[in-house]
Amino acid sequence: MDKIRVVGLKKAFGATVAVDEVSFAIGHDEFFSLLGPSGCGKSTTLRCVAGLEEPGQGEILIGDAVVHSTRTGVSVPTEERPIGMVFQNYAVWPHMTVRENVAYPLKIKKVSTTLMKEKLEAALESVGLSRLADRYPNQLSGGEQQRVALARALVKEPEVLLLDEPLSNLDAKLREHMRFELKELQRRSGIPILYVTHDQAEALAMSDRLAVMNAGRIVQIGTPPEIYSNPADRFVADFIGLMNFLPCSVISRNGETAVVEFHGARVEVPNPGGHRGRCVLAVRPEAIRLARAGAVPCRVEIRSFLGNLIDYRVRAGGEILRVQTPSHVVFDEGDELALTIERAMLFGD
Amino acid sequence: MAYGWKQRTIRYKPYTISQLRRILDLRYLLASACAIFLLVLVVYPLWQVFYRSFLPKGVFSLQYYEKVFTHPTYYRALFNSIWVSSATAILCMGLGTVLAFLLMRTNLPYKERLRALVALPYAVPSFFSAIAWIQLLGPQGYLTRFIVNLLGWESAPWNIYSAGGIIFVLTAHYFVLVFITVAGALGRMDASLEEAARASGAGTLRIMRSVTLPLVLPAILAGGLLAFIGAIANFGIPALLGMRARFFVLTTSIYYALAIPDFPLATALSGMLVSVALFFLAFQFWLQKGEGRYTVIGGKSVHPAELQIRSGRIALFTGTVVFIALISIVPIASMFLTAVLKYWGAPLAPQSFTLEHFVYIVNLDTSRRAIVNSFVLAAAAATVTMLAGTLISYVHVKLKLKGSRVLDFIATIPYAVPHTVIAIAAILAWSRPPVSLYGTLWIILAAYLAIYIPFAVRTTHSTLQQIDNSLEEAARVSGARLLPRLRDVILPLCRPGMIAGWILVFMPALRELTISILLYAHGTETIGVVVYNLQDAGYREVAAALACIVIVMLIAGSTVIKKLTGGVSGV
């Protein structure tokens with residue numbers, strides 16, 4: 001059963017349309033991300049779900065309840081929506097201790113003292129903050145403040161958890177660590193998460209499913225592998241992971257596949273879009289094989305060692321391509337090689 | 001749509017209309033409460049002044065304005081107000097600009113310490129300045145006798161009780177406004193403009209004249225207008241120095257008209273005063289808006305080149321120090337000296353010193369009552385205006401309700417209205433049935449609330465803007481409705497700003513004169529009223545003793561504010 005359902009959501013600020021006809025649904029223990037560049041409408045969508053923005057049009061359901069419907073005029077205020085939320089800047093109240101911050105939703109609910117104590121300890125325990133309960137936020141690190149915000153969002157046992165770029169203010173190492181921790185927390189509690197981020201690696205790593213947004217619209221919804229290996233359009237292909245875009249021309253078409261030519265080499269690619277003539281070949285860096293002999297002659301321009309793999313920039317004809325190989329496949333800068341395209345996608349020019 | 005789902009019957013659990021209304025109403029209820037507060041305390045009284053000046057007997061008539069323009073006593077007052085304030089403004093512009101240049105852009109030593117001292121006269125209430133300058137330059141004043149003896153004159157060739165005396169004391173009080181605006185503009189000016197002129201081969205003095213001065217001209221003018229507006233609205237100085245010589249300006253004429261009492265005349269005079277003040281205030285706003293075009297003065301703080309004074313540096317420094325000491329420290333010193341001398345003008349010998357004036361003032365029923373009254377009034381005014389100001393700012397800054405700008409605007413109106421007029425407005429609004437408060441502390445409080453609400457709104461405005469929206473949104477997500485989140489999140493976060501703002505209202509209210517002198521009755525005297533009346537009745541030493549007590553309290557309060565705001569504001 002769906003925990004969140006958004007149907008035909010629209011929101012405009014003055015003349016600019018921030019969110020346009022956005023629809024999606026989140027299952028009961030799903031980690032769902034809205035991914036897109038800044039200004040694509042992902043945060044506005046999340047804020048509409050939270051009730052912090054009033055949608056211009058559309059319907060939002062949380063759990064069983066309609067919390068917003070333009071059609072019937074229902075609009076449940078944020079205060080009464082069964083949600084927990086973590087803000088980008090954590091929004092931990094500086095005048096309250098960790099304990100007071102986390103206890104606040106319970107205090108508002110007028111939970112009895114014994115129950116409050118029990119829930120509070122459990123919430124602090126779950127994010128590992130019991131030790132710091134009497135500290136003030138200014139005595140905490142960014143990561144610890146983050147946990148306070150998380151505990152505060154979870155303590156009222158919401159139906160869904162909304163996370164608005166919660167990791168973007170943390171340093172790289174901590175961010176990586178928090179990714180696993182969030183995921184683990186979600187598995188443990190079984191709470192559905194709506195996660196907003198502009199970091200595609202983060203979205204791919206954590207999500208069960210994700211929606212890629214651009215210019216206020218959802219471009220594609222799918223699991224991370226689906227989106228990575230089968231981007232719906234050139235924008236998604238470019239935004240998710242690394243991609244080489246190469247001009248090419250279609251030589252022959254045969255149903256769902258086509259044969260294209262790129263600098264004398266012929267590559268067979270799936271062509272569900274039925275493209276013809278001049279096209280763009282999209283190739284992942286790891287889908288290119290470098291060898292001493294092969295289809296397209298090329299030359300290694302720059303090599304950079306990334307640890308688990310090696311990142312090459314190679315020149316083939318007039319194009320610079322990015323190629324990634326396992327770190328045991330070593331060539332030198334200036335080597336004259338040949339490349340073979342193993343997998344590719346075709347987009348219209 | 002790429003993603004689809006099974007159609008199923010959506011089980012609506014709609015919120016009832018009444019629930020929605022309850023949620024909505026709370027916001028509008030808060031806005032309405034703010035609106036009513038402002039309507040009652042600001043709009044209604046001021047409307048009374050306007051309305052009564054045109055409709056003295058229920059019929060439209062310009063007869064009182066006619067009276068102002070045909071009766072020499074009154075048109076002279078209007079004329080006096082304008083020329084005295086203009087002269088003051090011009091002197092302030094000269095003095096303030098020269099001092100700002102000297103203390104910002106030259107190589108004089110101890111510039112920072114001197115800058116702090118320059119602002120001191122403005123921290124002392126203006127009628128205290130008048131009292132101090134009477135002690136110094138009056139017929140038997142300390143400085144008068146010193147100079148007369150030194151030069152072997154028969155008597156001093158000046159008279160402090162005159163238009164000249166008024167202009168002198170007004171200038172000594174208000175030049176600070178020009179100094180602050182010009183010093184600010186000089187501090188914010190982009191050094192590269194001067195460097196460009198230097199690169200073109202211009203000498204420092206020439207750069208100052210042809211580049212720097214034209215660039216800070218708008219600031220000089222803006223400061224001058226502030227000084228004009230302050231001078232024309234001032235009551236204490238022309239009252240203590242002018243009325244004895246029967247030299248009247250608008251504010252003192254209003255006081256006089258109320259003593260007759262001739263309300264319609266007082267309202268017509270108030271109308272004139274407001275018109276003149278508003279005209280110049282609008283001009284000043286326009287100038288400040290225009291400053292945006294001078295993008296050269298903005299943002300970055302840099303340290304532009306200093307004018308290197310070589311010959312005469314010591315002389316210039318000495319002159320500046322003597323001048324600043326004369327204008328900042330000597331009046332306060334004179335006040336303390338008068339308070340501890342047996343009588344004003346006693347020879348400076350050990351047996352002349354006494355604390356009896358302090359003992360007298362502390363035991364005087366009127367002054368004890370006045371101290372209690374002033375504390376109660378100031379505390380009440382500060383508390384109510386800060387709370388109301390926070391709520392008004394909250395409606396505007398955070399709730400962003402439609403029309404909340406209007407609330408903000410109305411709350412700033414009293415800033416443009418001279419206090420004399422606010423007092424007249426309070427009399428007209430609150431001294432007749434159904435609400436007759438005349439002779440009580442309530443009417444003074446009502447007027448105080450009107451004059452201090454602009455400060456409260458302005459300070460809380462910036463405090464609230466510094467509170468990130470997400471802090472309140474987090475409270476909403478936690479389930480807190482409007483009132484709980486005001487109580488638990490917004491107000492506690494505003495507290496430091498509110499406390500600083502509270503003191504900023506409390507301190508001027510504690511020493512307030514203009515409103516209370518027009519509204520007090522037996523039993524509702526304030527400290528200002530008692531000091532004024534004692535001085536006016538010739539008890540200079542006792543007046544000085546009470547004034548000294550107030551000055552000590554003001555300095556203490558100012559120190560607290562500096563601590564609280566990290567030295568950003570403070571009087």
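Student: What makes β17 (residues 296-305) of chain A and β20 (residues 336-341) of chain A count as paired strands?

Tutor: In this predicted model, where local features need pLDDT of at least 70, side-chain atom pairs count only at pLDDT 80 or more, and totals for chains, interfaces and linings use all residues, strands pair if DSSP finds at least two bridges between them. Strands β17(A) and β20(A) are joined in the antiparallel sense over 4 bridges, so the requirement of at least two is met. One of the facing pairs is R299(A) with its bridge partner E336(A) in β20(A). Residues are numbered from 1 along each chain as its sequence is written, while chains are lettered from A and ligands numbered from 1 in the order in which they are written.

Student: What makes β17(A) and β18(A) a hairpin?

Tutor: Strands are DSSP runs (E, at least two residues), numbered from the N terminus, and helices are runs of H or I with at least four residues. β17(A) and β18 (residues 309-316) of chain A run antiparallel with 6 bridges, I302(A) having R313(A) as its bridge partner. The two strands form a hairpin with 3 residues between them, and G307(A) in the turn has a positive phi of about 100°.

Student: Which residue has a positive phi in the turn between β13(A) and β14(A)?

Tutor: That residue is H263(A), with a phi of about 45°, in a hairpin that has 2 residues between its strands. β13 (residues 257-262) and β14 (residues 265-270) of chain A run antiparallel and are joined by 6 bridges, with F262(A) opposite A265(A).

Student: Why is chain B called as compact as a globular protein of its length?

Tutor: The radius of gyration is taken over C-alpha atoms, and the globule rule is 2.2 Å times the number of residues to the power 0.38. For the 571 residues of chain B the rule gives 25 Å, and the radius of gyration is 27 Å, close to that value, so the chain is as compact as a globular protein of that length. Chain B has 24 helices and 2 strands.

Student: How many residues of chain B are in contact with chain A, and what is their character?

Tutor: Contact requires C-beta atoms, placed from the backbone, within 7 Å, and 26 residues of chain B are in contact with 32 residues of chain A. The largest share on the chain B side, 6 residues, comes from α20(B). That side divides into 17 nonpolar, 3 polar and 6 charged residues, where Ala, Val, Leu, Ile, Met, Phe, Trp, Tyr, Cys and Pro count as nonpolar, Asp, Glu, Lys and Arg as charged, and the others, Gly among them, as polar.

Notes: Contact = placed C-beta atoms within 7 Å.
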